[in-house]
Amino acid sequence: MSTSKLMPLAVAMFALGVVAIAAMFAAGAAGLPVWVFVAGWLLAPLGLAIGVFSAVRDARSRR
């Protein structure tokens, strides 16, 4: 059984995005650096998309 190398990357990106979103809620919108907002807006959805892509690709390769 082969594991995808994309899945750990996807999980890490999604987790960092969720942490950034949690930081936005915990600290409030004011006073946070721009990179926190960018990380929240981009990392979580991008990590989710890569994870779905990796899961679909792995499922198709097993057929």
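Mentor: Before we look at this predicted model, recall that a residue is buried under 20% relative accessible area, exposed over 50%, and partly exposed in between.

Trainee: Why is Val-18 called partly exposed?

Mentor: Val-18, which is found in helix α1, has a relative accessible area of 38%. Partly exposed residues lie between the limits of 20% and 50%, so with its 38% Val-18 is partly exposed.

Trainee: And why does Ser-54 count as buried?

Mentor: Ser-54, a residue of helix α2, has a relative accessibility of 0%. Since buried means under 20%, Ser-54 therefore counts as buried. Setting aside residues up to four places away in sequence, Ser-54 touches Ser-4, Leu-6 and Met-7. Across the protein chain, buried residues make up 25% of the 63 residues.

Trainee: What makes Phe-14, Val-18, Leu-48, Val-52 and Val-56 a nonpolar patch?

Mentor: A patch requires residues with over 30% relative accessible area and no salt bridge, and nonpolar side chains are joined within 5 Å. Val-18, with 38%, is over that 30% limit, so its accessible area fits the requirement. The five named residues form such a patch on the surface, with about 410 Å² of accessible area together. Helices α1 (6-27) and α2 (34-61) each supply at least two residues of the patch, and α2 gives the most, with 3 residues.

Trainee: Which residues make up the largest nonpolar core?

Mentor: That core has 5 residues in all, namely Ala-20, Met-24, Val-36, Phe-37 and Ala-39. Both α1 and α2 supply at least two residues of this core, while α2 gives the most to it, with 3 residues. Val-36, leaving aside its neighbours within four places in sequence, is in contact with Ala-20, Ala-23 and Met-24.

Trainee: How do you know that the protein chain is more spread out than a compact globule?

Mentor: The secondary structure of the protein chain comes to 2 helices and 0 strands. Its radius of gyration is 15 Å, whereas the globule rule gives 11 Å for 63 residues; the value is well over that, so the protein chain is more spread out than a compact globule. Along the principal axes, the C-alpha trace spans about 50 × 15 × 15 Å.

Trainee: What share of the contacts with a separation of 6 or more joins residues 24 or more positions apart?

Mentor: Such residues account for 67% of those contacts in the protein chain. As for the surface, the protein chain exposes about 4,600 Å², of which carbon and sulfur atoms supply 76%.

Key. Residues numbered from 1 in each chain as written. Predicted model: local features only at pLDDT ≥ 70, side-chain atom pairs only at ≥ 80, totals over all residues. Heavy atoms only, no water. Patch = residues over 30% accessible without salt bridge, like charges linked within 9 Å, V, L, I, M, F, W, Y side chains within 5 Å. Areas by Shrake-Rupley, 256 points an atom, 1.4 Å probe, with all protein chains shown as cover. Salt bridge = Lys/Arg side-chain N within 4 Å of Asp/Glu carboxyl O. Helix = DSSP H or I, 4+ residues; strand = E, 2+ residues; numbered from the N terminus. Buried < 20%, exposed > 50% of the residue type's maximum accessible area, 1.4 Å probe, protein only. Contact = heavy atoms within 4.5 Å. Rg over C-alpha atoms; globule rule 2.2 N^0.38 Å. Core = buried A, V, L, I, M, F, W, Y, C linked by side-chain atoms within 4.5 Å.
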